[in-house]
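Visitor: I am new to this structure and would be grateful for a guided reading. May we proceed feature by feature?

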Amino acid sequence: MRETTSVCEPEDLRKRLKKEERCSECIRNTLPLRTVRTNGVVPHQSRVSCMPSVHPGTRELTKVLVTGGAGYMGHNLGLALAKLGYTVILFDIYKSDWEVPSRATFVEGDIRDYDALYDTCEGVDCVFHAASFGMSGYQQLQTKQIESINVGGTQVVIDVCIHRNIPRIVYTSTVNVVFGGDNIEDGNEETTSYYPLEKQLDYYSKTKTIADQMILAANGSLLKGGGKLHTCVLRPPGIYGPGEKRHLPRLVANAEKGLLYFKFWNKETKMNWIHLYNLIDAHILAAEALTASKGYIASGKAYFIHDGEEVNFDDWYLHPIFEKLGFSDPWIIIPSSMAYAAAFILEYLYLILRPFVSLDPVLTRHEVMKIVAMHTFQIDKAQKELGYNPKKFSMAESVDIYMKTRPISSQKNLNFVKLLLITFALFICIYLCFYGTISYAAPPNKTS
């Protein structure tokens, strides 16, 4: 890594952008180029700015591999690393929907396949392990697949790094490893411990907890050719941003099908989210913090990362979606216990109908839990040790981008939706007979 001591001036940055020569601090402020608004919110496009404070020193990372390289975060991380000048290998079992950036190579392979990963890792000096399975929707119920990828795949990654003499692993974990439904307010890495595995509701959280511990336990392992393995873990909350294909499209589709009239959360409940660009920033910083020039400060450590603010699900996330669709916000108020019970039934309904109908569960128990329980975390440790400084973004802008670029909705599952609504209505009637009543909030007045 070449020595760089000067700060990029705007004109110099423009020249370097044309040549695709950018320092890591510049790339973190130009992902992609976008204009800074006066209100402090950073839109997703058209910025020209360079506000670096410290540029990296001697280059210790030259060739990197990203597992899950065809996924949303993995692909965009690879794109950012390639623009930084690294040689990048995107490794994934699925072919990428996006164009592979210059200076990057896509390799189709399974992280559970030791030989395939070993052969691909020749010359690699850092692995960003972002591959996982079972985060949301129907995947949450495929337990065998979840365990084999999240746990088995992680073990293969560790073994390959040891035998290939790869000295660094940055692992993309999740806040779910410490959150299981109990309220957490301003949790930090020292005061929040792993949530007991036997109490975790879903296999994704359970297996990510195991993998999180495996990565940290591997820190300090002796490499086959000498030296030690340095590892660190990043624990983000929910991810959003332009091009996100998991959470937002599913929520919009369910809203359009009329499945989100019910409200079961407390408006005062707070949570954290992280924008794609801040997540990429954190990964780049974490890799740098596993080098000798940074004193291996991140070695063997875990970090909570997010946008640096606490938000509520209603106003910050759900309202922009319904506003763009021209719908009223959910107004039928039901107890969270009813939503939880309904999610339980919907999960089993999915398992029963899956051989006959292609569908996603409308809601899972874990998703109910994450919406109704407070879970916020401090990022002081990442700010102090990694130099993490999240930019401010707006969820409303991500919704706006998606609504302008999404495919035309299909009505092919309309009959199933009607069946699902009837089933849910029957469940509500049964619930009312035994447990109580439902309250209603007046629908908000719409103004032209």
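Visitor: Which residues are buried in H11?

Guide: Please bear in mind that this is a predicted model. A residue is called buried when its relative accessible area is under 20%. In H11, that description applies to Arg365, His366, Glu367, Val368, Met369 and Ile371. Because 6 of the 8 residues of this helix, which spans residues 365–372, are buried, H11 is largely enclosed by the rest of the structure.

Visitor: What covers the buried residues of H11?

Guide: The cover includes four helices and a strand: helix H6 (203–218), helix H7 (247–256), H9, helix H10 (336–353) and strand E10 (270–271). Two of these helices hold residues that may be examined individually. Ser205 is placed in H6, and it counts as buried because its relative accessibility is 0%. Leaving aside residues up to four places away in sequence, Ser205 touches Asn176, Gln200 and His366. His366 is itself among the buried residues of H11. Tyr350 lies in H10 and is buried, with a relative accessible area of 2%. From Tyr350 to Pro361 there are 11 residues in sequence and 6.1 Å in space, C-alpha to C-alpha.

Visitor: In what order do the 7 strands of the open sheet stand?

Guide: One reads a sheet by passing from each strand to its neighbour. Here the order is E3-E2-E1-E4-E5-E7-E12, and the pairing is parallel. Strand E3 (104–108) and strand E12 (301–304) stand at the edges; each has a single partner strand, so one side of each is left without a neighbour in the sheet. From one strand to the next, the twist averages 20°.

Visitor: How many bridges join E2 to E3?

Guide: There are 5 bridges between strand E2 (residues 87–92) and E3, and the two run parallel. Within this pair, Leu90 stands opposite Phe106 in E3. Further along the sheet, strand E1 (residues 63–67) pairs with E4 in the parallel sense over 4 bridges, and there Val64 stands opposite Cys126. E4 also pairs with E5, again in the parallel sense, over 3 bridges; the bridge partner of Val127 in E5 is Ile169.

Visitor: Which residues of E4 point one way, and which the other?

Guide: The two faces of a strand should be read separately. In strand E4 (residues 126–129), Cys126 and Phe128 point one way, whereas Val127 and His129 point the other way; all are buried.

Visitor: What does Phe128 touch?

Guide: Not counting residues up to four places away in sequence, Phe128 touches Val64, Leu65, Val66, Thr67, Leu77, Leu81, Val170, His283 and Ala287. Phe128 is also one of the residues with the most contacts inside the largest nonpolar core, a group that includes Leu81, Val88, Val170, Tyr317, Leu386 and Tyr388 as well. This core has 75 residues, and helix H8 (residues 276–288) gives the most to it, with 9 residues. A second, separate core has 30 residues, among them Ile158, Cys161, Ile166 and Ala218.

Visitor: Across which strands does H6 lie?

Guide: H6 lies across strand E5 (168–172), strand E7 (230–235) and E12, and it runs at about 150° to E7.

Visitor: At what angle do H9 and H13 pack?

Guide: A helix pair is read from its angle, its axis separation and the residues that meet. Helix H9 (residues 313–325) and helix H13 (residues 395–405) pack at about 35°, with their axes 9 Å apart, and H9 passes H13 in a right-handed crossing. From H9 come Trp316, Tyr317, Pro320, Ile321, Lys324 and Leu325, which meet Met395, Ala396, Val399, Asp400 and Met403 in H13. By class, the contact has 9 nonpolar, no polar and 2 charged residues. Residues three or four places apart point the same way because an α-helix has 3.6 residues a turn.

Visitor: Where is Asn165, and what is its phi?

Guide: Asn165 is placed in the loop between helix H5 (143–163) and E5. Its phi is positive, about 60°, although Asn165 is not a glycine. Asn165 is partly exposed, with a relative accessible area of 34%. Asp186, found in strand E6 (residues 184–187), has a positive phi of about 55° and is likewise not a glycine. At 35% relative accessibility, Asp186 counts as partly exposed.

How values were computed: Residues numbered from 1 in each chain as written. Predicted model: local features only at pLDDT ≥ 70, side-chain atom pairs only at ≥ 80, totals over all residues. Heavy atoms only, no water. Axes fitted to C-alpha atoms, helices over the stretch in contact; angles between N-to-C directions. Left-handed = near helix turned anticlockwise from the far one by under 90°. Contact = heavy atoms within 4.5 Å. Nonpolar A, V, L, I, M, F, W, Y, C, P; charged D, E, K, R; others polar. Buried < 20%, exposed > 50% of the residue type's maximum accessible area, 1.4 Å probe, protein only. Pairing = 2+ DSSP bridges. Core = buried A, V, L, I, M, F, W, Y, C linked by side-chain atoms within 4.5 Å.
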